[in-house]
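Here is a brief report on one chain. It covers confidence, helices and surface.

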Amino acid sequence: MAQLKKPYPQQQFAAAISKRASQRRERDQREVPVPEMLAPCLLRRVVLTVPLVLVAALLLMEPVRSDQESGTAIPAESRPCVDCHAFEFMQRALQDLKKTAYNLDTRTETLLLQVEKRNLCDCVAANLLN
């Protein structure tokens with residue numbers, strides 16, 4: 001009987017590494033790719049996570065103040081207040097209403113005068129005929 005020769009520690013180490021590498025290759029070959037049912041789940045998570053991250057980012061951002069805005073900003077001293085704009089608008093509306101009322105009043109007077117004139121003319125013509 002032939003006696004088996006003991007391998008050196010370096011040979012044992014190399015054999016263990018090659019055995020682990022072959023086990024990993026076998027395991028990788030056995031692993032199934034992402035199942036079809038998992039894809040919609042991942043998509044749903046992405047669809048829910050992205051808006052959540054955007055909302056959180058918007059909430060954490062510091063709002064831009066009016067003094068930080070760039071462009072042609074009109075100083076507050078030269079801008080009329082909202083109440084002034086409303087007052088001016090109401091004044092113009094009141095003037096328009098007064099004009100309309102005056103126009104209606106003069107039109108009514110004109111029509112009344114025409115009716116009276118017609119009545120007088122009819123009376124005079126009737127008196128002349130009698």
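pLDDT is the predictor's confidence in each residue, on a scale from 0 to 100. In this predicted model the chain averages 76, and 67% of its residues reach 70 or more. Local features need pLDDT of at least 70, side-chain atom pairs count only at 80 or more, and totals for chains, interfaces and linings use all residues. Numbering starts from 1 along each chain as its sequence is written, and side-chain values use heavy atoms, without hydrogens and water.

The chain has three helices and zero strands (DSSP runs: H or I of at least four residues for helices, E of at least two for strands, numbered from the N terminus). Two of the elements mark the confidence extremes.

| Helix | Residues | Mean pLDDT |
|---|---|---|
| α1 (lowest) | residues 9–30 | mean pLDDT 74 |
| α3 (highest) | residues 82–129 | mean pLDDT 86 |

Of the 130 residues, 0% count as buried (under 20% relative accessible area, 1.4 Å probe, protein chains only). The chain exposes about 13400 Å² (Shrake-Rupley method, 1.4 Å probe). Carbon and sulfur atoms supply 63% of that area.

Val 46 lies in helix α2, residues 38–60. Its relative accessible area is 48%, so Val 46 is partly exposed (between 20% and 50%).
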